[in-house]
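Okay, thanks for coming, everyone. I'd like to walk you through one model today, so have a look at the picture and then we'll go through it piece by piece.

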Amino acid sequence: MSQEYLNPAAIPQAADDVQGDDRWMSQKLTKCCIWCDGALFKRTLFVSQGSVQLKFLEQLWRELFSPLHALNFGIGGDTTRQVLWRLQNGELENIKPKVIVVWVGTNNHGHTAEEVAGGIETVVQLINTRQPQAKVVVLGLLPRGEKPNSLREKNSKVNHLLKASLPKLPAVQFLDVDAGFVHSDGAISHHDMFDYLHLTAAGYAKVCKPLHELLLQLLEETPEEKQATLA
């Protein structure tokens, strides 16, 4: 690959206003306003493609992530390009979260596995630059489709590439959360993914519980913070 090659998955781009109601930009601006209202009290930021927006996550979010002072910046349908644009345009300003969770890539349909992995790496590099105090957790892409298919293979390859590349970046961990979704016959159950892409409550539990355990480790109070709390 030549040095002149520019990864299309790593070029920031706002979402097209396909429906004509400017919903994407409105969501982005609303989330930035939320940060302005209570940024100093937030310790965990979720940056995602929208998988963490569905109603099935609401109870788990209240039980597991709200006590960690988490804020969800997921917007449905986003690719690495939209996440990069959002992070460059306000979503990393006036905040200092301790941990940032990144979950994006499965919507990058027009990009190769190598390009998607590169786009995710660019997201992490941008976070490292603008939020150097934050630890970054990158969630692996999940399998999709009831039966084995090319998109599953692509997502698996993205995860393989990230496992090799992310350890070279500072303060980042890769969390593989796809174990248990694919059964021995190669099928995914609708009990885990109701449409074989979006998660049910049971599916979210498989992802959120190991993530919650990792976040607890990363958010452990330092002695200085404990002293400040006691004071």
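**A walk through the model**

Let's start in a loop: Tyr 196 sits between strand 5 and helix 6. Keep in mind that this is a predicted model. What caught my eye is the backbone there, since phi of Tyr 196 is near 65°, a positive value in a residue other than glycine. Most residues other than glycine have a negative phi. Is Tyr 196 buried, exposed or partly exposed? Tyr 196 is partly exposed, with a relative accessible area of 23%.

There's another one to look at, Asn 94, with phi near 60°, again positive in a residue that isn't glycine. You'll find Asn 94 in the loop between helix 3 and strand 3, which covers 99–103. Asn 94 is exposed, at 61% relative accessible area.

Okay, let's zoom out. How many helices and strands does the chain have? We've got 7 helices and 5 strands. Going along the sequence, the pattern reads α-β-α-β-α-β-α-β-α-β-α-α. There are 231 residues in the chain, and buried ones make up 49% of them. And if you take the contacts with a separation of 6 or more, 79% of them come from residues 24 or more positions apart.

Now for some helix packing. Two packed helices are described by the angle between their axes and the distance between the axes. Take helix 3, residues 80–91, and helix 4: their axes come within 9 Å and cross at roughly 10°. That makes helix 3 roughly parallel to helix 4, given that angles under 35 degrees count that way. The crossing of helix 3 past helix 4 is left-handed. Who's making the contact? From helix 3 it's Thr 80, Val 83, Leu 84, Leu 87 and Gln 88, and the helix 4 residues include Val 116, Ile 120, Val 123, Leu 126 and Arg 130. Sorted by class, that contact has 8 nonpolar, 4 polar and 1 charged residues.

The other pair I picked is helix 2, residues 58–65, with helix 6. Here the axes come within 10 Å and cross at roughly 15°, so helix 2 and helix 6 are roughly parallel to each other too. The crossing of helix 2 past helix 6 is right-handed. On the helix 2 side you have Leu 60, Leu 64 and Phe 65, and they meet helix 6 residues, among them Ala 201, Tyr 204, Cys 208, Lys 209 and Leu 215. The contact of helix 2 with helix 6 splits into 9 nonpolar, 1 polar and 1 charged.

While we're on helix 4, have a look at Asn 128, which is part of that helix. Asn 128 counts as buried, at 14% relative accessibility. Leaving aside residues up to four places away in sequence, Asn 128 touches Val 136, Leu 169 and Pro 170.

Right, on to the charges. How many salt bridges does a search of the whole structure find? The search finds 5. One of them pairs the side chains of Asp 78 and Arg 86, at 2.9 Å, N to O. Asp 78 counts as buried, at 2% relative accessibility, and Arg 86 is buried as well, at 0%.

Next up, Lys 157 and Glu 114 meet in a salt bridge at 2.7 Å, N to O. This pair links distant parts of the chain, with Lys 157 in helix 5 (residues 150–165) and Glu 114 in helix 4 (residues 113–130), 43 residues apart. Lys 157 is partly exposed at 40% relative accessibility, and Glu 114 is partly exposed at 38%.

Then there's Lys 163 with Asp 176, a salt bridge at 3.0 Å, N to O. Lys 163 lies in helix 5 and Asp 176 in the loop between strand 5 and helix 6, so the pair ties together parts that are 13 residues apart in sequence. For accessibility, Lys 163 comes out partly exposed at 42%, and Asp 176 partly exposed at 33%. Last bit: salt bridges that share partners join Asp 78, Arg 86 and Glu 91 into one network.

That's my tour. Happy to take questions.

Methods: Residues are numbered from 1 along each chain as its sequence is written. This is a predicted model: local features need pLDDT of at least 70, side-chain atom pairs count only at pLDDT 80 or more; totals for chains, interfaces and linings use all residues. Side-chain values use heavy atoms; hydrogens and water are left out. A salt bridge is a side-chain nitrogen of Lys or Arg within 4 Å of a carboxyl oxygen of Asp or Glu. Buried means under 20% relative accessible area, exposed over 50%, partly exposed in between (1.4 Å probe, protein chains only). Helices (H or I, at least four residues) and strands (E, at least two) are DSSP runs, numbered from the N terminus. Axes are lines fitted to C-alpha atoms, for helices over the stretch in contact, and angles run from 0 to 180 degrees between N-to-C directions. Angles under 35 degrees count as roughly parallel, over 145 as roughly antiparallel, 65 to 115 as roughly perpendicular and the rest as oblique. A crossing is left-handed if the near helix is turned anticlockwise from the far one by less than a right angle, and right-handed if clockwise. Contact means heavy atoms within 4.5 Å. Ala, Val, Leu, Ile, Met, Phe, Trp, Tyr, Cys and Pro count as nonpolar, Asp, Glu, Lys and Arg as charged, and the others, Gly among them, as polar.
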